[in-house]
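Subject: Structure for your review

Dear colleague,

Please find below the structure that I am handing over to you. My findings follow it, and I would be grateful if you read them with the structure open.

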Amino acid sequence: MMDARRMRIATRLAIAVSVLGLGVVVSIVVASGPLLGDGGDQCSGQDARLAALDQLDAFTVKPSGSQEVKESADSADCVGDDSAGSWLYSSRVYTYGGNREDLIGFYKRELSGLGWKREGPESGPSDVRTCFTRKSEMGWEKLTITFRQGAEADGTFRTSAEAAVDGSKIGC
């Protein structure tokens, strides 16, 4: 008689602990979405903007002799965190035989014809990053040309595009 009663108590205790544990796990998973900064809620419905960003005209503009590094295209993605919100992102990596100053000069000339405006301080031969912005039908877009640290010899650089989910301007 006592063993049956102990079994029922043990079974009820095991069920209570399981339910409590499951509740804790579900709470952690639900709470971790925003903590992980996946931008899930803000990113929904952004497929058309992501596709447009990934096919940005600036990705087709590149200096003569430059080569896109195969498998360098990051598929367009919506990323974010709690401090900055969510944004759309896509990029390409290229190699170029010239120097940084010539490359930045090329982009300043070519991108201005597509509506891009150079932002931030004037760049020089030792700068690692140069930024351009423009307003499109879908909102503001930012384009950044970034040289890899120590990559001056091979001229490796990344062209990355970003756009805020809400269309607002992203600073350089």
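I begin with the strands. Strand E4 (residues 117-119) pairs with E5 in the antiparallel sense, over three bridges. One residue to look for here is Lys117, whose bridge partner in E5 is Thr133. Please bear in mind throughout that this is a predicted model.

E5 also pairs with E6, again in the antiparallel sense, and here there are eight bridges. Lys135 has Trp140 in E6 as its bridge partner. Two residues lie between E5 and E6, and the two strands form a hairpin.

Strand E6 also contains Glu141. Is Glu141 buried or exposed? Its relative accessibility is 11%, and buried means under 20%, so Glu141 counts as buried. Which side chains make polar contacts with the side chain of Glu141? One is that of Arg134, at 2.7 Å, and another is that of Ser136, at 3.3 Å. If neighbours within four places in sequence are left aside, the residues in contact with Glu141 are Leu56, Trp116, Phe132, Thr133, Arg134, Ser136 and Glu162. Thr133 in this list is also the bridge partner of Lys117.

I turn next to the disulfides. A disulfide is a covalent bond between the sulfur atoms of two cysteines. How many disulfides does a search of the whole structure find? The search finds two. Counting bonded cysteines along the chain, their pattern is 1-2, 3-4.

One disulfide joins Cys43 to Cys78, with an S to S distance of 1.9 Å. Cys43 belongs to helix H2 (residues 40-43) and Cys78 to strand E2 (residues 74-81), so this pair ties together parts that are 35 residues apart in sequence. The torsion about the S-S bond of Cys43 and Cys78 is about -75°, and the disulfide is therefore left-handed. Cys43 counts as buried because its relative accessibility is 15%. Cys78 is buried as well, with a relative accessible area of 10%.

Cys131 and Cys172 form a disulfide too, and their sulfur atoms are 1.9 Å apart. Cys131 is in strand E5, while Cys172 is in the segment after E7, so the pair ties together parts that are 41 residues apart in sequence. This link is left-handed, with -55° about the S-S bond. Why does Cys131 count as buried? Its relative accessibility is 3%, and the cut-off for buried is under 20%. Cys172, by contrast, counts as partly exposed, because its relative accessibility of 41% falls between 20% and 50%.

Finally, I come to helix H4 (residues 100-112), which has 13 residues. At 1.5 Å a residue, H4 should span 18 Å; its end C-alpha atoms are 18 Å apart, so the expected span and the model agree. Which residues of H4 are buried? They are Arg100, Leu103, Ile104, Gly105, Phe106, Tyr107 and Leu111. What covers these buried residues includes three strands: E5 (129-136), E6 (139-147) and E7 (157-164). Two of these strands, E5 and E6, are those of the hairpin described above.

As you go through the structure, I suggest that you begin with E5. This strand pairs with E4 and with E6, holds Cys131, and is among the elements that cover the buried residues of H4.

Yours sincerely,
A colleague

Technical notes: Residues numbered from 1 in each chain as written. Predicted model: local features only at pLDDT ≥ 70, side-chain atom pairs only at ≥ 80, totals over all residues. Heavy atoms only, no water. Helix = DSSP H or I, 4+ residues; strand = E, 2+ residues; numbered from the N terminus. Expected span 1.5 Å × (residues − 1). Buried < 20%, exposed > 50% of the residue type's maximum accessible area, 1.4 Å probe, protein only. Contact = heavy atoms within 4.5 Å. Disulfide = S-S within 2.5 Å. Polar contact = N/O pair within 3.5 Å; in protein donor to acceptor, adjacent residues only side chain to side chain. Pairing = 2+ DSSP bridges.
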